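Q: I've got this model open in my viewer and I'd like a close look at one helix pair before moving outwards. Keep it informal, but please give me the cut-offs behind each term.

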Amino acid sequence: MLSETEFSELSDSLSTGFFADKVVMSLARTQRLGRLQDNDRPTIKEAKHLLEHVLDGVEWLDKKKLDAKSAESAVAFDRAVHALPSIRVPSKFHDYITHLGQILQTLQEKGNASEEEIQEVRSFFFSYARAVSIESQRVIERSSEPQGVMIWAQPNQETP
Amino acid sequence: MGSAQPRDSLIESVIDHCLAFADHLEPLYFRQYASEFPPKFLRQLSDLNEAILERLKALKADIDFQSLKHEEAEQHILRYSWLYSQLYVAASIVERSDVPHTVVELVQPLKRLMQLQCKLKEFELLLHPLPVLNYSFYYLGNDLSKVKDQLSISVAFPKQLITVGFPGLEMRRLLVHSIISHELGHCLYVERKLENKLLKLVKPDKQKLDALVKKWAETAPAGQRTLSEYISEVEIRSFFTRQINYLAKLWVKELTCDAIGYCLFGPAYLFAAIDFLTVAYAFDDDLHTHPPNRMRFLLLYKMLDKETGFLNILAPQVKSFLDSWRSVTQSRTPQFTNPVSDLTGSAILNIYDHIISAATEAVGSDGPYSASENATELQHLVKRAEALIPPNELIKNGGSHEVKFQSVLNAGWLVYLTGLEALQAKYNWESWECKTKFNEIIARAVELNEIQRRWREIQ
C-alpha cells in the first residue's frame, strides 16, 4: 500500500508528466505545421509559467521565505536539475532557464521561433517529463504487496 | 497483438489494462457498503476508464502523436500504464470498504461530523483495513481529479472524497480508531487552505542555513575532497531548497492535523495518539514524514492543559497516566539529529499558537468539542460504561437524550484508562478479553447513538 505522501506524489508526478507530454506534443505540432496553433496557446502559457516556478526555486535560498508557492517551486527546481544534469553552476542554470522562457515568450508573441530553438525547449520538456516519470516509477515500485486480497482482516460478522 | 508499429503495440497493452480494470469493477457493485456512496464512486471510476480507453484508441490515428519520436511517444503511453497502478489502489480501497471489512459503526457519524458540523457538504469517506499496523489517508477525490483534469476528462469525482485506512488486524479496537480524527484533519487542512495561512509563518534561521549551504559547497583544504566534487553546486542548492520546503510543508500539515484531531474529538484523540504513536515511532525520531512524537505531544498537551474543567473530573489512574506522559514530553525541548530537521523543526515550534488557532477555526462555527463543557455529561456516561451499559445516552426527566458522538469515545477512554481492573475482577475476565469486550460496548454505543440521532431527525 502506498503511504499518503506517496499517493499524492504519484498524482502530482502523473499530472505534471501528462502536462509535460502535452508541451512536447504542442511543440511537435508547431514544428510540423510551421506555426503555433491557437489550441496550443494555453499549454505554452502554462509551460512558461512552469519555467517561472523553476526560477523561483533557483532563487529561493537567496530569500528563504516559506509559503505554499515556495514548496511548488522547490519541486519544479529539483525536477529541472534532474532534466539538465550537465549544468553544474547556479548562474548558468538560471540563464538557461531564462533563455528557454524567452523562446516560449517569442512563440506566444510571434507564433513561431527557429526550428533549433523550438527543439531546445522540446528537449527540455521531454527531459523534465522523464524526471517526473522516474518519480512515478519509484512510487509504484515501492508498493509491492498484494492489494485487494483480504487476508489480514477478520470479517465483521456481527454488523448487518 | 499483431501491430506493425511498436507504439501501437504499447497502446494495445495499456488497452488491455483498461479492459481488465472494467472486468474487475463489475462484481464490486453487488457488495454491501456502509453508505450509498461506493457504488456511485464505482460508476465514476468506470466512466474514467471508458474515457481513457477512447483516448488511447484515438491516439493510434492521431497524426501529431504518430509524429513524435519513439521515446517521446513511449513515455506518454507508459504514463497511462502507471495511472492504472493508481486506479487499482482506488478500486482495491472500494473493495475493502464493504460492510464485512470496515468499522461500519464509524462511517455515518464521521460523515455527519464533516458534512454538518464542518460544513463540507460533498464530504465522502471510504474506511478500509490496511495490511500494516498504521493509519493512512488519501485525498482520493482531489488526487484523481488532478490527473483527469490534466487529461481534460470530464468525469466529476467529489473533491472532498477521502479514504482512511486503519490497521486491519485491529478492526475491533474501536477506541484506538479515535486516531481517525487526525485523518479527517487532512481534509479540513486542504479545504480551509491552511497551508497558505501557516507556512509563511515558519521562519528558519537564515544565517544557519547560509552557513550550512556554504559548508557543503566550499572548497576543501588541499588534499581533501568536498561534497561539491561529487554533486554540483546546483544540486546542493536544489537539495536544501527541496528538503526544507518539503519538511516544513509536511510537518506543519501533520501538526495542524493533530490539532484539528483534538478539536474534533477532544482528549480522546490524545489518548489514542499516546496509545498508538508511542509504539509506532521512537519519541525523538526526526527522520520521518511526520514530526517527532515529542513535538506532537507538546502541541496536544498545550491543548489539553486548557481543559481545566475536564482535568478536574479525572480518576486518579487517568490523571497519573496523563501526568506521566506529560512529564516525558516536557522533560526536554525537542532535539534533532540532522541539520535540515533542526532548522525546520525549531522554526515550527514557534508557531504552535497559530496552529491551534487555525485548527480551532477550521472545525466550523460550532467550535471544537470541549471536554470541559461536557464534563458533567462525561461523568454520567462513565458510570454507564463502568456498568457495561453502552454510554450512548443520558436519561433525563424520564426520557432518553442522545449525547455527542465524541462524548461516547471520551467516556470510553476514561474508563479504559483506569485499567478495567474492576470489570476483570467482577466477571473473572483476562485482561485482553476484558479490553475486547469493552471495545465492543463502545462500538454498540456509537451505533445506538447514531440510530437515536437519525430517529430524532426523522421525528
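How do the axes of helix α11 (residues 267-277) of chain B and helix α18 (residues 405-416) of chain B meet: within what distance do they come, and at roughly what angle do they cross?

A: First, the ground rules: this is a predicted model, where local features need pLDDT of at least 70 and side-chain atom pairs count only at pLDDT 80 or more, while totals for chains, interfaces and linings use all residues. Residues are numbered from 1 along each chain as its sequence is written, and chains are lettered from A and ligands numbered from 1 in the order in which they are written.

Now your pair. The axes of α11(B) and α18(B) come within 8 Å and cross at roughly 45°. That makes the two helices, α11(B) and α18(B), oblique to each other. As for handedness, α11(B) and α18(B) cross in the left-handed sense. On the α11(B) side the contact uses P267(B), A268(B) and F271(B), and α18(B) answers with Q406(B), L409(B), N410(B) and W413(B). By type, the residues of this contact of α11(B) with α18(B) are five nonpolar, two polar and no charged.

The terms behind that, in one go:
- Helices (H or I, at least four residues) and strands (E, at least two) are DSSP runs, numbered from the N terminus.
- Axes are lines fitted to C-alpha atoms, for helices over the stretch in contact, and angles run from 0 to 180 degrees between N-to-C directions.
- Under 35 degrees counts as roughly parallel, over 145 as roughly antiparallel, 65 to 115 as roughly perpendicular, and the rest as oblique.
- A crossing is left-handed if the near helix is turned anticlockwise from the far one by less than a right angle, and right-handed if clockwise.
- Contact needs C-beta atoms, placed from the backbone, within 7 Å.
- Ala, Val, Leu, Ile, Met, Phe, Trp, Tyr, Cys and Pro are nonpolar, Asp, Glu, Lys and Arg charged, and the others, Gly among them, polar.

Staying in chain B, there's a hairpin to look at. Strands β4 (residues 393-396) and β5 (residues 399-402) of chain B run antiparallel and are joined by four bridges (strands pair if DSSP finds at least two bridges between them). L394(B) has H401(B) as its bridge partner in β5(B), and K396(B) stands opposite G399(B). Two residues sit between the strands of this hairpin, and N397(B) takes a positive phi near 50°.

Chain B also has an open sheet of three strands, in the order β1-β3-β2, with mixed pairing. β1 and β2 of chain B are at the edges with a single partner strand each, so one side of each has no neighbour in the sheet. On average, neighbouring strands here are turned by 20° against each other, direction ignored. β2(B) and strand β3 (residues 161-167) of chain B run antiparallel, with three bridges between them, and S136(B) is opposite G165(B) in β3(B). Two helices pack on this part: α4(B) lies across β1 and β3 of chain B at about 85° to β1(B), while α6(B) touches β2 and β3 of chain B, its direction making about 125° with that of β3(B).

That same α4(B) takes us to the other chain. In total, 60 residues of chain B are in contact with 55 residues of chain A. On the side of chain B that touches chain A, α4(B) gives the most, with 14 residues. That side of chain B divides into 28 nonpolar, 17 polar and 15 charged residues.

Across the interface, helix α1 (residues 4-33) of chain A comes within 10 Å of α4(B), axis to axis, and they cross at roughly 155°. That makes α1(A) roughly antiparallel to α4(B), and the crossing of α1(A) and α4(B) is left-handed. Among the residues that meet are F7(A), L14(A) and F18(A) of α1(A) and R79(B), W82(B) and L83(B) of α4(B). The contact of α1(A) with α4(B) comes to eight nonpolar, five polar and three charged residues.

For another packing geometry, try helix α3 (residues 68-83) and helix α5 (residues 115-142) of chain A, which pack at about 110° with axes 8 Å apart. They, α3(A) and α5(A), are therefore roughly perpendicular, and α3(A) passes α5(A) in a right-handed crossing.
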